[in-house]
Structures are given as C-alpha cells and as structure tokens.
Amino acid sequence: MSATLVAATAASAPARQRTAALPPAEALKTFQLEAGLRLDLVAAEPLVASPVAIAFDEQGRLFVVEGRGYPEPVDGKNLTTEGRVALLTDTDGDGHYDKRTEFATGLGYPNGIVCWRGGVFVTCAPDIFYLKDTDGDGIADVKRVVLTGFDTSRSSQLRVSSPTLGLDGKIYVASGLTGGKVTSPEHPERAAVNFAPADGRFDPDTLAYEVTGGRGQFGLAFDAFGRRFVSSNRHPVLQIVLEPWQLKRNPHLAFALQTQEVSKVEAEAKVWPISGAAVTADFIPNLMNAPHTGTFTSACGVMVFGGTALPAAFQGNVFICEPAQNLVQRQVLRPEGATLRSDLATPGREFLASADTWFRPVFATNGPDGALYLVDMHRREIDHPAYVPAESRGLFDFVSGKNCGRIYRIAAAPPRRAVAMVNEATALVRELGSAETWRAGTAFRLLLERREGTARAELAEVATGADQAAARVQARALLAAGAALDEAAMLVALRDRHAGAREHAVGLAAAALAKSPALLKAISDLASDEDARVRFACALALSGSAGPRVIETLALIGARDGADRWTRAAVLSGVGGRLEGFYAALRSQRGTDARGVRFLLQDLGRLFGTAATFEAGAAFLRDMMEPGADIAERVNAVLGLAEGWQGRPAAGKTDDAEFGRAFRSGDEGLRAAVRQFLGRAERLARDPAKAPADRAAALTLLGIFGPGRAAGLFREMLAPRQPIEVQLAVVRACERAGDQASGALLLEAEKWSRYSPQMRAAVLAAVTAKLPMLLALFEAIERGTLAPTEIPPAKRTQLQKHANAGVKTRAEAAFKRIEAGDRMAVYRNLREVISTPADAAKGRDVFTRICATCHTRGGVGGKVGPDLTGIRNQPAEAILLHTVVPNYEVAPAYQEVTDETRDARTLTGWVVAETDSAVTLRTAAGPEEIVLRTAIVSLSAAGVSLMPDGLEQAMTKEELASLIAFLKSEQ
C-alpha cells in the first residue's frame with residue numbers, strides 16, 4: 001500500500017451518518033498533520049482488523065493485537081473469542097506490510113503485547129498469555145497462561161493492558177483501573193497476589209508478580225531514564241512517582257499519593273478536534289451543564305518518542321491518543337521539582353487530527369526506522385455501550401468497523417527499510433548507542449534475555465564512555481541485572497555528567513547501601529546536587545537506609561526541598577523510629593538554605609502527634625510556641641501536631657486545656673501558652689496582609705479547638721471579600737466539627753445568598769456529609785434560605801433513599817415540590833411536542849430570536865449561558881425539561897449572581913472565575929467584569945438560573961418542537 005498524506009489542511013468532514021468506512025486513500029485526505037511531516041499507511045484491512053496494539057520483533061516483523069470482539073455485550077453473556085494476534089511481514093522491503101499470518105486465534109479481548117525470548121506476552125484478562133512459534137511457520141504453537149486472576153467484572157475497556165519492559169528487567173502492566181487475585185498456573189506453590197485497582201509488574205522469566213504504584217487505564221511508557229507514565233480517560237499524562245513499598249517504610253506518614261498529573265487534566269485538558277465527533281458525555285443528561293467535548297475524554301496509548309525520523313524537537317515528547325475525538329496530541333515535558341510537567345506543543349492545533357469520525361487512534365510506538373507508528377482501530381463508534389445511557393444506545397452502531405483497521409507511519413521522509421538487528425552480543429552492545437529508541441530498546445531486551453553475563457567488558461565500556469546518556473543508563477541496568485555492576489562502577493555512575501543518568505544510578509545503588517559505606521557517602525554527597533530529581537532519588541535511597549549521616553542528609557534535603565510534596569514524602573518516609581533525631585537535625589538547618597522547612601514542619605508535626613511519645617510531642621509543641629517565632633510557620637506545625645493527635649485511637653476532640661494534658665503535661669504554664677498561641681493564630685487569620693494559605697491554616701487550627709468558640713471569627717471570614725482559600729478553610733473546619741450548629745452557621749441566610757458558586761458547591765458537600773449537618777440543611781430549605789433545586793439531582797436522589805428514616809422522610813418532603821410544581825405541570829403538558837413533526841430550519845430562526853442572546857451554538861450567539869453546540873445528543877425529553885423548567889437543576893456556575901461594588905455599581909451575571917483576589921463576572925450586557933474582592937460590598941446569589949421561566953410563552957408548540965429539532969440537528 002502506498003497511500004500517503006503530506007500534511008497540509010484537512011478535507012471537509014464526512015457525514016456523521018456514514019455507515020461504511022472511507023477507503024484508505026480517501027481517509028488520508030481528511031487528516032491534518034504538523035507541518036513538514038507525512039503520514040504513510042503501512043497496513044489496512046483486510047490485512048488487519050480492529051488493531052489495538054502492536055510490537056515489532058528483532059526481525060522487523062509486526063505483531064498486531066486485534067480486539068475484534070470489542071465491545072462485548074453489556075449483559076456479559078455470549079462473550080466471543082474473536083480476538084487474535086496477527087503477524088505481518090513486509091516481503092518486498094518497500095516499508096509497507098503485505099503478508100499476514102494468523103499467529104494466534106481464539107482469544108477473548110486481548111489488548112497488549114510485548115516481545116520476549118522469541119515469543120510474546122499478550123494481556124487478555126483474566127489472563128496473560130505467553131505465545132511462541134517454535135517451528136518457524138509464523139503460527140504460535142506454544143500458548144501458555146502464565147498469569148491469571150486479573151479482574152474482568154467491568155467492561156473490556158477496563159482490563160489489564162500495556163505490557164512494557166522496564167530498565168529493571170520487569171514487565172510492567174497498566175491495571176485498566178481494576179484489581180485482581182493473581183496467580184501463576186506454572187507456580188501453584190505461590191500465594192495469590194490480591195489487590196484493589198493498581199498497576200503491577202512481573203519478572204518475565206520467574207513470572208513473580210507484584211503490585212506497583214499508579215493506576216493506568218490503557219497505555220504505559222518509559223522515558224530514557226526509567227520514569228514511568230500512564231494515562232486514563234480524562235488524565236492524558238500521569239507520572240508514577242512513588243511505589244507502595246517506599247511509602248510502607250513509615251506507616252505513620254499520612255501520604256498516599258503515588259501519581260503526579262504531568263499534563264492538564266479533566267476540564268483543563270484541552271483538545272482541538274476537527275471532526276465534530278460526539279462524545280459519550282453528550283448523551284448523559286447529568287452532564288448537560290458540564291460538556292466534555294473539546295477536552296480529553298478517552299486519553300490512551302501514551303508514548304514517549306525517540307527516533308530520527310521526526311525533527312530533533314520531537315525527541316522525548318509525549319504523544320497521547322484521543323480516539324473519541326479523532327486526534328493525537330503532542331506535549332513537551334519539562335522538569336518541575338522532583339517530577340515532570342508537560343505543555344502543549346501546538347496550542348490550538350493538534351499534532352494529528354482527522355475530520356473522519358471513523359479514525360480511532362488507540363496506540364502509538366517507536367518504530368525500527370525511527371518513525372512514529374500509530375494504530376487506528378477504525379470503528380464507527382469507539383464508545384462502549386456500558387457507558388452510554390440505555391435510552392441512547394439505539395443511536396449507536398457498535399458493530400460497523402470490526403473488520404477495519406489501519407496502521408500509520410509518521411515521519412519527515414518516505415518509508416525506508418530498517419536495517420535488520422544482528423542478534424550477537426557485541427553488535428547488540430553497539431546498538432545501545434543508537435539514536436533510534438526502538439533499536440536501542442530491542443538491543444537492551446535481547447541482551448537482557450541472555451542473562452548469562454556475556455559482553456560484560458563491552459557493557460562496562462559503554463556504561464562509562466558512551467556519548468549518549470541513555471546508552472550509559474541501559475548498559476548499567478544490564479550490568480546490574482547480571483549482578484556485574486560493582487561498587488567502583490556505581491561510584492562512577494553517581495558522578496555521571498547527565499542528571500537523568502545520576503538519578504537512575506542512585507536507584508541502582510540504593511540496594512547496596514547497607515553493605516557499602518562508599519556508596520552511602522557518595523549518595524549523601526549528592527544531597528546537594530543541582531538537580532531536584534537527583535536529590536529526590538537520594539531521599540528515597542537514604543530513607544531505606546541506616547548509618548552515619550543518613551538522618552542529617554535527609555534533613556538537609558528536607559530543608560531545601562520540603563516545599564515539593566514528593567521530596568517531602570520521600571524524606572519523611574525514612575524517619576519512622578528516628579523522628580526526634582530527624583527533628584534535631586532539621587533544627588540545625590535553620591539559618592542555612594532552609595526554604596522547605598515551613599512546609600516540612602506541618603507534616604513533621606503530624607508525625608509527632610501520630611507516632612511520637614507524649615513527652616516528645618509536648619516538647620515539639622513547646623518549641624513551636626516559642627514567643628517571637630514566625631507565627632505562620634508555627635501555626636502549620638501546631639496544626640499538624642493537633643491533626644496527628646486527633647488521629648490516634650480514642651484521642652477524641654480537644655480544647656486548649658485538653659491538648660496540654662494529651663501530651664502528659666498538666667501544667668498551667670503550657671496551657672496558658674496554648675491559649676496565647678491561639679490568640680496569635682486568630683490575629684493571623686484576620687490579617688488581610690498575610691498569605692491566604694497561612695490564614696487558612698490558622699482557621700483550620702482554631703476549628704480543631706471547636707468551631708463554636710471561633711464562630712464569630714468564622715462568620716467574619718465567610719464574606720465574599722475574603723480570599724476563597726480562607727472561606728473554604730472555614731467550610732472545612734465546620735465539616736470537621738460535623739455538628740448541627742456548624743451546619744447552621746454555614747447555611748445562615750445572609751451568608752448563603754452571598755456565596756460564590758464555588759463556595760455553594762463546597763458548603764453543600766460539607767452539609768450533606770454528616771447526619772447532624774443534614775438536619776441544618778433541611779431546616780434551611782424549610783425556612784427558604786435555599787431552594788430545593790439548588791441540591792443537585794444525584795444528591796436529592798441519594799437523600800431520598802437515605803438509610804436513616806428521618807432523613808429520608810424530610811428529603812421526600814423537601815424535594816416533592818420539584819416534581820410536582822407548576823413548572824413541572826407545564827413540562828408534562830408540553831411533552832407532546834417531542835413527537836410533533838418539526839422543521840429544524842425553522843428552529844434555527846427560533847434559536848436566533850429567543851436563545852442566541854445568551855447561548856452559543858456552532859460559534860454563533862452569546863456567552864452568558866452554556867454553549868449548546870454539544871447538546872444535540874441529549875434526549876429530547878431532557879432538552880424540553882431544561883428549557884421549560886430552567887430551575888430543575890441549577891448548576892452553580894450558571895446561577896444568577898448580583899455584585900454590589902464600592903463605586904455604587906450593581907452587576908448581574910454568573911461567575912466565570914474566582915481567585916483569592918478577584919471575581920470575574922460574565923453579564924448579558926457586554927464583556928466580562930473583573931472585580932477585586934476588596935471592592936465588593938456584597939455578592940449575592942438568588943439560587944435560580946439566569947434563564948427565566950416562561951420561555952415557552954414566546955413561541956408556539958410547533959416552534960418549540962422545531963427549536964428542539966434544531967438543537968438536536970447538525971445544522
């Protein structure tokens with residue numbers, strides 16, 4: 001096949017109702033690709049069908065995993081075994097595959113593949129298979145279930161997947177957001193590994209399985225230095241930073257995070273499709289006010305590129321597939337403390353996008369020729385029926401395209417035949433220095449498979465003398481796998497000129513610290529390294545070690561990098577059982593480069609409260625309350641101490657006197673000091689010149705000693721002129737108290753009417769969390785402080801089904817009016833218009849006349865209310881309901897807000913954004929208004945939608961029917 005697109009602009013989108021795939025040559029015309037690149041089709045149906053993952057072996061052959069059975073029936077019955085693994089070869093060397101062999105058939109729902117020892121591991125939950133052709137006919141005659149027990153109770157979108165070889169010689173898998181009870185049929189003597197949703201890894205030779213950090217859905221990748229990335233639907237790029245065994249070192253450390261959001265996520269994870277494709281959220285009425293179109297909804301297939309077939313600027317970039325919206329996005333990684341962040345490479349335009357809604361990119365990988373290879377599952381629908389409302393499933397064709405599939409090559413030049421790998425030790429060692437990630441990685445795998453320690457001298461030479469840092473790292477990893485990386489070599493590695501290589505070397509050396517004082521000293525010296533990720537790696541290594549200088553070095557790293565939550569956690573993971581020594585070492589860092597001390601003290605205080613002796617905790621408390629000390633810093637530390645103490649079994653609530661007794665003090669001097677300290681904390685909370693985060697900490701601390709005693713202060717801080725962080729701290733303090741009085745305070749009529757949308761959402765979450773606060777909520781509804789419609793429908797339903805009979809009864813009474821009110825009667829009387837013949841063209845005129853002042857559709861109209869472009873897939877009943885009864889569900893973002901300012905203006909609109917210093921309103925009158933909080937006299941919300949009642953009176957029934965037809969059309 002020679003179909004090719006040299007990127008330029010996209011063709012017009014084919015009709016969404018098309019029921020047949022475009023021929024490959026025609027489909028290529030629908031693509032938009034970054035300038036200077038070309039898209040070549042290297043395989044298509046009938047050679048492949050429903051491809052979901054690929055892997056090149058050392059011969060350049062292409063293994064293709066085919067998910068032909070997707071999606072399986074929603075009821076879980078009549079499951080298929082249509083899944084296959086195909087073996088494609090390029091017989092004439094033109095860069096396009098032309099021969100197919102059925103390598104393996106009869107599989108259920110396979111979704112991932114990795115090469116190993118002449119065969120392949122294939123993920124196909126509940127199993128992981130090992131398949132191998134031993135007689136050279138291209139068909140697997142070995143088919144072993146090597147691991148089993150991975151969860152299959154959810155849809156086939158959520159299964160173990162993405163097997164990928166790591167630098168440690170283990171094969172890592174993404175969990176598919178599921179758990180399991182994993183055993184190996186080949187090792188019945190081993191206990192099952194039971195786990196909730198979590199990723200894992202296994203030794204490809206021993207098949208020992210263990211749980212790792214992270215929860216990826218589909219897609220797993222490593223960069224050149226072993227940093228691991230996964231993705232899930234609305235989270236394009238996630239980095240696994242900590243492993244469970246690292247956090248287990250200190251059981252008292254209240255830190256459970258393992259994954260960093262490298263990219264923007266959810267509503268901030270923007271994409272720029274050109275297809276106009278619908279996404280599943282478009283069909284879900286509860287998401288009508290929170291559309292997902294234009295953001296990642298199906299992020300998968302994350303990969304880190306490395307090859308010479310794309311420009312140098314693309315090296316190390318991350319690529320993410322978004323099949324629901326027919327595009328692939330490129331992001332550029334950058335360091336941020338101990339972890340990485342990513343930025344859009346080309347905001348406003350994607351790396352690759354298609355106007356063809358059948359284009360479904362799901363997997364990307366590096367190829368033998370240095371190009372990027374992309375797998376297009378090619379389906380009319382990519383959504384799984386389990387995630388589409390039952391009433392909308394009939395609109396979908398989940399079958400068309402099962403016999404289709406395309407694989408593309410993206411590069412700056414035409415395809416070329418890749419030079420075959422020579423599977424000989426010396427040649428493979430040379431390949432470690434290849435600029436092509438696939439070639440270097442394949443050489444690494446083949447050398448790892450040998451394991452007998454061949455080519456050690458050549459590997460040692462590469463480990464110290466290779467020009468490429470990645471080659472040095474791989475050589476050291478291979479020597480370590482063969483137990484041939486001695487102390488001298490590790491000491492050299494720790495002095496590597498590349499920070500990423502030093503970071504990796506610290507990880508290699510960590511296991512040897514107990515036996516090597518020289519390595520322990522070298523890593524301790526690296527605590528002052530210029531690179532934050534190297535220092536983080538040192539903290540992890542030292543936290544698992546004992547010996548001289550360890551605690552002092554951890555304190556040094558903590559003092560410098562304590563502001564970084566990951567480094568802080570790494571440091572504190574190693575202080576269990578030596579807490580007082582660490583605190584003494586940290587105190588000695590005062591006056592030095594101690595930027596991270598104040599961030600570290602709160603977590604340290606929590607550890608003292610949770611795990612230290614009462615005497616040690618009291619000593620810490622006295623130290624933190626020293627007169628003249630920085631009150632903001634010390635408030636955070638005492639807050640941590642109090643929170644830690646409350647977490648002890650049977651600690652109960654505390655006040656200032658009990659707090660002293662809690663640490664076996666009992667002397668009036670300490671209790672008086674606590675009272676004095678709380679007075680300083682109250683002054684800090686009130687001081688507008690102080691940082692909002694410090695004021696919030698002071699409020700939280702005061703809340704721990706009982707919000708009742710701080711009620712006056714809390715009321716004062718629940719004012720719209722206060723920073724949002726300060727207001728939210730009061731909400732959290734009241735939620736922690738959980739009593740009816742705290743709920744009543746949050747729901748005072750004067751306060752509720754002035755809350756911003758963010759505050760209203762936070763307050764509702766707080767007062768529906770505990771039974772006593774629910775009583776305050778019902779009282780507020782009954783006296784008219786807030787309308788029943790301000791409670792989200794899902795929460796209304798939850799309360800009406802509450803296990804507590806009293807709550808259930810009051811909820812039914814409170815919400816009965818919503819279903820039986822006058823507007824609902826209007827809705828019921830108008831339901832007949834849904835089945836009335838309608839003219840979408842006339843509906844456009846109705847929209848322009850009545851709706852366009854506030855709403856946008858297709859880029860035309862106002863921006864006061866939600867954009868209605870994506871509403872076409874919502875049920876007609878839902879559109880009618882929200883049109884006729886606009887207050888049936890009032891999203892906080894679209895509630896009418898009135899802002900009175902100090903210059904005597906009154907602004908009415910909805911809150912677009914708010915920060916600690918300002919509120920931005922969008923009004924029907926013109927541009928957005930930004931109002932400083934200091935300029936706000938009052939900010940009040942009526943609890944009703946900006947959209948007025950009675951719009952149906954401005955149109956006939958026929959016009960209403962036509963309006964709904966227009967909103968559901970593609971016009």
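Reader: Where does P46 sit in this model?
Author: The model is predicted. Two strands flank P46: β3 (38-44) and β4 (51-56). P46 is in the loop between β3 and β4.

Reader: What is the omega of the peptide bond from E45 to P46?
Author: P46 belongs to a loop. The bond from E45 to P46 is cis. Its omega is near 10 degrees.

Reader: Which residue is joined to P126 by a cis peptide bond?
Author: P126 lies in the loop between β9 (119-124) and β10 (127-132). The cis bond there has an omega of about 15 degrees. The partner of P126 is A125.

Reader: Is N78 buried or exposed?
Author: N78 is in the loop between β5 (62-66) and β6 (83-89). Its phi is positive, near 55 degrees, and it is not a glycine. Exposed means over 50% relative accessible area. N78 has 70%, so it is exposed.

Reader: What is the relative accessible area of R117?
Author: R117 lies in the loop between β8 (112-116) and β9. Its phi is positive, about 50 degrees, although R117 is not a glycine. R117 counts as partly exposed, with a relative accessible area of 31%.

Reader: Why is there no bond between the sulfurs of C300 and C321?
Author: A disulfide needs two cysteine sulfur atoms within 2.5 Å. By this rule the count is zero disulfides. The closest cysteine sulfur to that of C321 is in C300, and it is too far for a bond, at 5.2 Å.

Reader: What is the relative accessible area of C321?
Author: Buried means under 20% relative accessible area. C300 is buried, at 7%. C321 is buried too, and its value is 0%.

Reader: Which residue's backbone nitrogen does the side chain of Q325 reach?
Author: Q325 is in the loop between β23 (318-322) and β24 (327-336). Q325 counts as buried, at 1% relative accessibility. Beyond four places in sequence, its contacts include V271, P273, H292 and T297. Its side chain reaches a backbone nitrogen at 3.0 Å, that of G294.

Reader: How many of the 14 residues of α4 are buried?
Author: Helix α4 covers residues 437-450 and reaches 20 Å from its first C-alpha to its last, close to the 20 Å expected. Its buried residues include W438, F444, R445 and E449. The helix is largely enclosed by the rest of the structure, because its buried residues number eleven.

Reader: What is the phi of R451?
Author: R451 comes just after α4. Its phi is positive, about 55 degrees.

Terms used
Residues are numbered from 1 along each chain as its sequence is written. This is a predicted model: local features need pLDDT of at least 70, side-chain atom pairs count only at pLDDT 80 or more; totals for chains, interfaces and linings use all residues. Side-chain values use heavy atoms; hydrogens and water are left out. Helices (H or I, at least four residues) and strands (E, at least two) are DSSP runs, numbered from the N terminus. Buried means under 20% relative accessible area, exposed over 50%, partly exposed in between (1.4 Å probe, protein chains only). A polar contact is a pair of N or O atoms within 3.5 Å; within protein, one must be able to donate a hydrogen and the other to accept it, and residues adjacent in sequence count only if both atoms are side-chain atoms. Contact means heavy atoms within 4.5 Å. The expected span of a helix is 1.5 Å times one less than its number of residues.
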